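Trainee: I'd like to learn how to read strands and cysteines in a model. Could you walk me through one?

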Amino acid sequence: MNTTKLVALVVLLNPLACFAALPGNASPSLREIPASSPPPLAVQQKDAAEKKVRNVGVAEFEKLRADKKNVVLDVRTSNEFAAGHIPGAINLDVNSADFEQKVAGLDKGKNYLVHCAAGVRSARACDKLSKLDFSKLYNLEGGFKAWEKAGNKAEH
């Protein structure tokens, strides 16, 4: 591939890369990225996903849980859930083969307060849910362990 075609391909795929490729003696105005330039598409998509999910601590989680219109979603295994869970929680194991099929039946217009044991699986569940167009997701930082450590009593 000749240089002209390569430069055209780089500009087409990543227009911001062309600014970095300018020679050092290029006019300073040519080397500046305009402030009005939109961020690359990948950054826009990541920002949109992050806006759908908000990480919250136990205190905020409890305030949200007080509103009975919000749904508490426990994404741990059924055995973990049976050993103790947040009162009123719905159990949908994020690692089950039919997780996405089961969440498809949920109302996407509701707020979901998502938790697991420590926060890793719930973050993964929130990612999956946001990709399925759930837009009001709250991930409990520290998970069920943090919730119990804060003095809350589990239901069995």
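Trainee: How do strand β4 and β5 pair, and over how many bridges?

Mentor: Two strands pair if DSSP finds at least two bridges between them. Here β4 (residues 112-115) and β5 pair in the parallel sense over 3 bridges, with Leu113 opposite Tyr138 in β5. Strand β1 (residues 53-56) also pairs with β5 in the parallel sense, over 4 bridges, and Asn55 stands opposite Asn139 there. Helices (H or I, at least four residues) and strands (E, at least two) are DSSP runs, numbered from the N terminus. This is a predicted model, where local features need pLDDT of at least 70, side-chain atom pairs count only at pLDDT 80 or more, and totals for chains, interfaces and linings use all residues. Residues are numbered from 1 along each chain as its sequence is written, and side-chain values use heavy atoms, leaving out hydrogens and water.

Trainee: Which way do the side chains of β5 (residues 137-140) point, and are they buried or exposed?

Mentor: In a regular strand the side chains alternate between the two faces of the sheet. In β5, Leu137 and Asn139 point one way, Tyr138 and Leu140 the other, and all are buried (under 20% relative accessible area; exposed is over 50%, partly exposed in between, with a 1.4 Å probe and protein chains only).

Trainee: Why is Cys126 in no disulfide with Cys116?

Mentor: A disulfide is a covalent bond between the sulfur atoms of two cysteines; the cut-off is within 2.5 Å. The sulfur of Cys126 is 9.2 Å from the closest cysteine sulfur, in Cys116, so the two are too far apart for a bond. The search of the whole structure finds 0 disulfides. Cys116 is buried at 1% relative accessible area, and Cys126 is buried at 1% too.
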